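Please open the model in your viewer and keep the selection panel at hand. The tour moves from the domains to individual helices.

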Amino acid sequence: MTESCLQIDGHQLQVKRHARRTRLAIRVRAQQVEVLAPPRVSLKLLEKFARQHQAWWLQALQTAPQPLQKYALTNGAAWPFLGDRLQLQFVQGKPQVHFDQQADNRLLICQLARPENENSRRRVLQKWWYQYALDYLAERTQRFAQNLGRQPSQITIKSFSGRWGSCDGRGRIQFNWKLLALPDWVVDYVVVHELCHLVHLNHSSAFWQLVEQHYPRTREAKLWLKQHGHLVIAQL
Ligand SMILES: [Zn+2]
């Protein structure tokens with residue numbers, strides 16, 4: 001594999017040539033746009049191709065999570081949150097949590113007896129996050145369940161290391177708490193995916209047809225998860 005660069009409107013795109021590649025492609029990985037190409041395609045042609053798809057990769061750059069940044073539990077840290085940021089504040093006081101949706105960054109003020117203690121901060125944040133995830137995902141599930149005409153028997157929030165959700169034969173749906181760190185339109189895809197397992201408990205073509213019917217941005221969301229999902233899981 002050989003590498004070179006393209007400059008387009010202030011962005012640096014990495015060109016990755018591979019002997020076995022036959023078609024041009026563009027992907028965004030960790031805030032970097034990559035143009036994948038066969039060995040002997042001219043830079044001029046690559047630039048033309050990259051410009052044709054500029055709207056797509058600019059959008060992909062915007063929604064890509066920051067790379068290799070472990071989200072901290074410090075005062076003022078910002079966590080990814082439904083396509084936005086959740087800014088954390090830890091202050092001393094009577095234990096309570098205040099969530100301000102209207103703030104620029106969505107502000108979560110965690111008041112606790114010992115804000116200097118990292119375990120206490122984590123406990124408070126985790127409790128709030130799980131409850132918020134449950135309320136939010138139950139609401140989204142309800143919305144799509146109506147159209148589908150099926151209801152899950154139970155919704156729970158869990159910690160999974162390699163998946164976003166699951167649905168079993170008894171109609172119980174489990175969602176990964178890390179879903180809240182994804183853009184809201186990707187979360188909706190996961191919700192619809194699990195709901196459709198209430199109809200088909202497999203990944204047959206009939207299942208995928210149903211998912212796409214109830215969520216038109218399915219392909220886009222699957223691509224987003226393929227490109228960035230592992231980063232979100234690794235970072236939280
Ligand atoms: Zn599935």
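A salt bridge is here a side-chain nitrogen of Lys or Arg within 4 Å of a carboxyl oxygen of Asp or Glu. This is a predicted model, in which local features need pLDDT of at least 70 and side-chain atom pairs count only at pLDDT 80 or more, while totals for chains, interfaces and linings use all residues. Residues are numbered from 1 along each chain as its sequence is written, and side-chain values use heavy atoms, with hydrogens and water left out.

**The two domains**

Select residues 2-63 as domain 1 and residues 78-235 as domain 2; these bounds come from an automatic or database domain assignment. The C-alpha centres of domain 1 and domain 2 are 32 Å apart.

**The interface**

Next, display the contacts between the domains (heavy atoms within 4.5 Å). Here 6 residues of domain 1 touch 5 residues of domain 2. Together the two domains bury about 460 Å², of which 51% is on carbon and sulfur atoms; buried area is the accessible area (1.4 Å probe) that two parts lose on being put together, summed over both. How many salt bridges cross the interface of domain 1 and domain 2? The rule finds 0.

Now colour the side of domain 1 that touches domain 2. The elements that give two or more residues to this side are strand S3 (25-29) and helix H2 (54-63). Such elements are DSSP runs numbered from the N terminus, with helices (H or I) of at least four residues and strands (E) of at least two. H2 gives the most to this side of domain 1, with 3 residues.

**Helix H1**

Select residues 43-52, helix H1. The side chains of arginine 51 and glutamate 47 form a salt bridge there (3.2 Å, N to O). These two residues are 4 apart in H1, which means that about one helical turn separates them. The structure as a whole holds 12 salt bridges.

**Helix H3**

Finally, select residues 118-148, helix H3. The expected span of a helix is 1.5 Å times one less than its number of residues. For the 31 residues of H3 this gives 45 Å, and the end C-alpha atoms are 43 Å apart, which agrees. At the start of H3, a side-chain oxygen of asparagine 117 comes to within 2.9 Å of the backbone nitrogen of asparagine 119. Just after H3, glycine 149 adopts a positive phi of about 80°.

Note on methods:
A polar contact is a pair of N or O atoms within 3.5 Å; within protein, one must be able to donate a hydrogen and the other to accept it, and residues adjacent in sequence count only if both atoms are side-chain atoms.
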